[in-house]
Amino acid sequence: MILITTDPISITTLRGKLPIAAHCGAAVWFEGVVRNQNDGHPVTAIEYECYASMAEAELGKIATEAQQRWPIDDILVAHRYGCLAVGEISLVIGCSSPHRAEAFMAVQYIVDELKQRVPIWKREMG
Amino acid sequence: MKITILCFAGVREALGTRQLTVQLPNNALAGSVLRTLSEQYPALRPLAAYVRIAVNNAYASAETPLHEGDEVALIPPVAGG
């Protein structure tokens, strides 16, 4: 499941949306949070701009690549855009799989690829 | 043909608009978009080397053919997550 939204997101609100099949022994989750500094400068908020239709398409491709690379089951990626304050959550990734090693690697891969490819931009405010 | 181009982030700021239209020959390729826009918009020139082209929600190569009605976007270096 890929979700691009201006609404608040969190593992708490999204965990029911990741299927965890009975043969899965692991569900790995990641939250990306707005932090209060960047490059030595204080940050109070981040403005995220998004080309939503392409962000959704590109994240879908990245999720499919992860499923082809590792024996994992389901993936959920949610990215929020708009103005987010320090402490708010910009990104949630969830991955279910029979074993934990593959789920950790898939989540890492998805974050790394997202940062290289997905058409979302941020502007720190402070 | 007339092509609509979506502008984001640094490109949007440099050109002062979220979208613009250009006239391109009917058999134009994606690679011609930045060339044509750089001629018309000097503010784009310092960014052009770093901008990728997307056609219909997917990254394009210079050889990707363009068609009337395609959604084309200028994608400056991304920074999500």
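A polar contact is a pair of N or O atoms within 3.5 Å; within protein, one atom must be able to donate a hydrogen and the other to accept it, and residues adjacent in sequence count only if both atoms are side-chain atoms. The model is predicted, so local features need pLDDT of at least 70 and side-chain atom pairs count only at pLDDT 80 or more, while totals for chains, interfaces and linings use all residues. Residues are numbered from 1 along each chain as its sequence is written, chains are lettered from A and ligands numbered from 1 in the order in which they are written, and side-chain values use heavy atoms, with hydrogens and water left out.

**Exercise 1. Describe the interface of chain A and chain B.**

Step 1. Take the contacts (heavy atoms within 4.5 Å). Chain A contributes 22 residues and chain B 19 residues.

Step 2. Take the buried area (the accessible area, 1.4 Å probe, that two parts lose on being put together, summed over both). The two chains bury about 1,600 Å² between them. Carbon and sulfur atoms hold 52% of it. A:Glu49, A:Tyr51 and A:Trp121 supply 41% of the area that chain A buries against chain B, more than any other three residues.

Step 3. Count the polar contacts. There are 16 residue pairs between chain A and chain B, both at pLDDT 80 or more.

Step 4. Assign the chain A side to helices (H or I, at least four residues) and strands (E, at least two), which are DSSP runs numbered from the N terminus. Strands E5 (45–50), E8 (89–97) and E9 (120–125) and helices H2 (52–69) and H3 (100–117) each supply at least two residues. H2(A) gives the largest share, 5 residues.

Step 5. Sort by class: Ala, Val, Leu, Ile, Met, Phe, Trp, Tyr, Cys and Pro are nonpolar, Asp, Glu, Lys and Arg charged, and the others, Gly among them, polar. The side of chain A that touches chain B has 11 nonpolar, 4 polar and 7 charged residues.

**Exercise 2. Find the salt bridges across the interface, then one inside chain A.**

Step 1. Apply the rule: a side-chain nitrogen of Lys or Arg within 4 Å of a carboxyl oxygen of Asp or Glu. It gives 8 salt bridges over all chains.

Step 2. Keep those across the interface of chain A and chain B. The rule finds 2. A:Arg123 and B:Glu13 meet in a salt bridge at 2.5 Å, N to O.

Step 3. Look inside chain A. A:Arg117 and A:Glu65 meet at 2.9 Å, N to O. A:Arg117 lies in H3 and A:Glu65 in H2, so the pair ties together parts that are 52 residues apart in sequence.

**Exercise 3. Compare the linings of the largest and second largest pockets.**

Step 1. Set the terms. On a 1 Å grid over the protein atoms alone, a pocket is an open set of points where a 1.4 Å probe fits, with protein on both sides within 12 Å along at least five of seven lines; lining residues have an atom within 4 Å of a point. Points are joined across faces, edges and corners, and volume is the space filled by probe spheres set on them.

Step 2. Treat the largest pocket. Its volume is about 220 Å³. It has 17 lining residues; A:Val33, A:Arg35, A:Tyr48, A:Lys122 and B:Gly81 lie nearest its centre. E2(A) supplies the largest share, 3 residues. The lining divides into 8 nonpolar, 5 polar and 4 charged.

Step 3. Treat the second largest pocket. It holds about 180 Å³. Its lining includes A:Arg123 and B:Glu13. H1(B) supplies the largest share, 4 residues. The lining divides into 5 nonpolar, 1 polar and 6 charged.
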